[in-house]
Amino acid sequence: MKQFRVLLALLVVVAFSGFVFAGSAGDASLQKLMDGNKRYVEGKLGSKDLGDNKRKELAKGQKPFAIVITCSDSRVPPELLFDQGLGDIFVVRVAGNIVDPIALGSIEYGAEHLNSPLLFILGHSKCGAVKATLEAKGEPEGNIGAIVKKITPAAKAAKKKGGTEDQVFETAIQENVKNVYKDVMSKSKIIPELVHEGKLKIVAGEYMLSTGKVEMIELPKAAPAAKKAH
Ligand SMILES: [Zn+2]
């Protein structure tokens, strides 16, 4: 009986430390990104190894420490604004930083197969895709219409909240990021599982075009759970 209790206590300690370790891997990744953004803002970029040896080493395999989903906007390159190098971050870029099954599949690949412990959902100030959605009239057409359709709930929520034109624009950008988070948590089965297992941390932010700073966006606390598979 005594041995059983010792074993039980040991199991609890091992399980707990595993959980803490997984959580801290995501935290450490976030710290790396934010330290990089600070260097970028201050114009003190770190040196990057873009040499032959580094390429050869990475050709054997990648182990990116974070996944970033962000906008295709040419002014928002995550590797530069987070001051990271080759093989560091697994990037998904699409206008309006929205997710569809293909983008979600890419995120799942980064999280499940490459074991990245962090997903950063990054919107940005003055996003053209969000602006176009706010100004859209009637039914959106074509493939750009598919993007507008996806951002429409954020635009509606922002208009409802009101304020100046700039405030509505800013609210829509943030609401869109929160909706992307909800999509990630409700339309993927794997991602919420990894989050609940403590293997993946999800955070969000907005990149400010004029200052270069990434400002954190607080995500809704209770994320909708993914539908259970039958
Ligand atoms: Zn954009």
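**Warm-up.** The protein exposes about 13,500 Å², and carbon and sulfur atoms supply 58% of that area (Shrake-Rupley method, 1.4 Å probe; for residues, only the protein chains shown count as cover). This is a predicted model, in which local features need pLDDT of at least 70 and side-chain atom pairs count only at pLDDT 80 or more, while totals for chains, interfaces and linings use all residues. Residues are numbered from 1 along each chain as its sequence is written, and side-chain values use heavy atoms, with hydrogens and water left out.

**Exercise 1.** Find how many helices and strands the protein has, and which pattern they follow.

*Solution.* Start with the count: there are eight helices and five strands (DSSP runs numbered from the N terminus: H or I of at least four residues for helices, E of at least two for strands). Then walk along the sequence, and the pattern reads α-α-β-α-β-α-β-α-α-α-α-β-β.

**Exercise 2.** Name the protein donors of the zinc ion and place them in the chain.

*Solution.* Step one: the protein donors are Cys71 (SG), His124 (NE2) and Cys127 (SG), at 2.0 to 2.3 Å from the zinc ion (donors are N, O and S atoms within 2.8 Å of the metal, or 3.2 Å for Na, K and Ca; water is not among the atoms, so sites may look incomplete). Step two: along the chain, their spacing is C-x52-H-x2-C. Step three: Cys71 lies in the loop between β1 (66-70) and α3 (78-81) and His124 in strand β3 (residues 118-124), so this pair ties together parts 53 residues apart in sequence. Step four: both Cys71 and His124 are buried (under 20% relative accessible area; exposed is over 50%, partly exposed in between; 1.4 Å probe, protein chains only). Cys127 counts as buried too, at 1% relative accessibility.

**Exercise 3.** How many aromatic pairs are there? Describe the one formed by Tyr40 and Tyr207.

*Solution.* First, the count comes to three aromatic pairs (rings of Phe, Tyr and Trp, using its six-membered ring, with centres within 6.5 Å; planes under 30 degrees apart are stacked, over 60 edge-to-face, the rest tilted). Next, Tyr40 and Tyr207 form a tilted pair, 6.4 Å centre to centre with 45° between the planes. Tyr40 lies in helix α1 (residues 2-42) and Tyr207 in strand β4 (residues 201-207), so the pair ties together parts 167 residues apart in sequence. Finally, Tyr40 is partly exposed at 27% relative accessibility, whereas Tyr207 is buried at 2%.
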